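These are my notebook entries on a single chain, set down in the order in which I looked things up. The structure is shown first.

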Amino acid sequence: MGPMYVDIVTPDDAALPGALLTEITEVYASAQEFHELTGDFPDAGNIRVPQVAAALADELSVPGSVVHLARVRGELVAVAVTLDHHPADPGDPDAWIGLLLVHGARRREGHGRALAGHLAARFQEAGRTGLRLAVLDTDAPALAFWEALGYTPVDHRPDLRRGRRCAVLRKDLAETGTRPEGAVTRGEV
């Protein structure tokens with residue numbers, strides 16, 4: 001697989017350059033089946049740069065949100081969005097993964113596992129004790145992926161945006177090992 005380098009984009013960053021937005025859009029567009037399940041884009045088979053720019057701006061408008069851009073050998077292979085706290089429950093002590101997308105042509109190569117491990121290690125190093133995420137009820141492969149990584153169901157409820165039924169999963173970061181080999185945070189874009 002090669003070493004994974006992760007750049008971060010925070011709400012404080014200026015507008016993303018067009019070339020980077022094009023790369024991110026390619027990752028989003030390669031996940032057509034996922035976007036058909038979510039309904040987040042009007043035409044999951046024709047996702048465009050302005051739509052992804054708007055989706056990222058929406059994600060980054062949430063306080064404590066960060067976009068993670070994972071590269072292997074210079075190629076953008078995955079995108080993730082994390083939140084310091086659940087936006088509707090500031091009393092929840094856990095950090096959240098709001099999205100993790102692996103480029104469709106690069107699935108089943110370990111990139112999703114490496115990025116998920118990187119995110120868990122990053123929050124563990126920051127002193128967080130748990131990491132949560134929600135998986136749509138209709139996305140059985142995603143549920144299997146996260147459970148294989150040690151996330152366990154802790155709740156079942158509708159998501160905030162569209163009321164879709166989701167399983168909420170949690171990983172106890174006290175049980176998480178060290179950062180996966182090769183996953184290095186480079187800094188802000």
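**Entry 1: D94.** I looked up the accessibility of D94 and found a relative accessible area of 1%, so this residue counts as buried. The model is a predicted one, and each value in these entries is computed from it. I located D94 in the loop between β3 and β4. I then asked which backbone atom the side chain of D94 reaches. The side chain of D94 extends to the backbone nitrogen of G130, at 3.4 Å. I also listed the contacts of D94, setting aside neighbours within four places in sequence. D84, H85 and H86 are among them, as are R128, T129, G130, L131 and R132. R170 is also in contact with D94.

**Entry 2: strand β3.** I next examined β3, and asked how many of its nine residues are buried. Eight of the nine are buried, so β3 is largely enclosed by the rest of the structure. On the pairing, I noted that β2 and β3 run antiparallel and are joined by eight bridges. One of the pairings sets S65 against L83 in β3. β3 also pairs with β4, again in the antiparallel sense, over six bridges. Here T82 stands opposite I97 in β4.

**Entry 3: A78.** Within β3 I selected A78. Its relative accessible area is 0%, and A78 is therefore buried. Apart from residues up to four places away in sequence, A78 touches H68, L69, A70, L101, V102 and L115. I also recorded the C-alpha to C-alpha distance between A78 and A114, which is 10.0 Å for two residues 36 apart in sequence.

**Entry 4: two arginines with positive phi.** I searched for residues other than glycine with a positive phi, and recorded R73 and R108. R73 has a phi near 50° and lies in the loop between β2 (65-72) and β3 (75-83). β2 and β3 form a hairpin with two residues between them, and R73 sits in that turn. I asked whether R73 is buried or exposed. Its relative accessible area is 68%, so R73 counts as exposed. R108 has a phi near 65° and is placed in the loop between β4 (95-102) and α4 (111-125). At a relative accessible area of 86%, R108 is likewise exposed.

**Entry 5: nonpolar cores.** I then looked for groups of buried nonpolar residues. In soluble globular proteins, nonpolar side chains tend to be buried together. The largest nonpolar core in this model holds 27 residues. Those with the most contacts inside this core are M4, I97, L100, L115, L131, W146 and Y151. Elements giving two or more residues to the core include the strands β1 (4-9), β2, β3 and β4. α4, β5 (130-136), α5 (140-148) and β7 (165-172) also do so. I asked which element provides the largest share. It comes from α4, with six residues. A second core, separate from the largest one, has 20 residues, including L21, V67, V81 and L101.

**Entry 6: aromatic pairs.** My search of the whole structure for aromatic pairs returned three. One of them joins Y28 and F41 edge-to-face, at 6.1 Å centre to centre and with 85° between the planes. This pair links distant parts of the chain, 13 residues apart. Y28 belongs to helix α1 (residues 18-29), while F41 lies in the loop between α2 (32-38) and α3 (49-60). Y28 has a relative accessibility of 3% and is therefore counted as buried. F41, at 9%, is also counted as buried. A further edge-to-face pair consists of W146 and Y151, at 5.1 Å centre to centre and 80° between the planes. Both of these residues are buried. Together with F145, W146 and Y151 form one aromatic cluster.

**Entry 7: confidence.** Last, I checked how far the predictor trusts its own model. The chain has an average pLDDT of 88, and 91% of its residues score at least 70. I asked where confidence is lowest and where it is highest. It is lowest in strand β8 (residues 183-188), at a mean of 54, and highest in β3, at 96. Over residues 178-182 the pLDDT falls below 50. Beyond near neighbours in sequence, this stretch has twelve contacts in the model.

Note on methods:
Residues are numbered from 1 along each chain as its sequence is written. Side-chain values use heavy atoms; hydrogens and water are left out. Helices (H or I, at least four residues) and strands (E, at least two) are DSSP runs, numbered from the N terminus. Buried means under 20% relative accessible area, exposed over 50%, partly exposed in between (1.4 Å probe, protein chains only). A nonpolar core is a set of buried Ala, Val, Leu, Ile, Met, Phe, Trp, Tyr and Cys residues joined through side-chain atoms within 4.5 Å. pLDDT is the predictor's confidence in each residue, from 0 to 100. Contact means heavy atoms within 4.5 Å. Two strands pair if DSSP finds at least two bridges between them. A polar contact is a pair of N or O atoms within 3.5 Å; within protein, one must be able to donate a hydrogen and the other to accept it, and residues adjacent in sequence count only if both atoms are side-chain atoms. Rings of Phe, Tyr and Trp (its six-membered ring) pair if their centres lie within 6.5 Å; planes under 30 degrees apart count as stacked, over 60 as edge-to-face and the rest as tilted.
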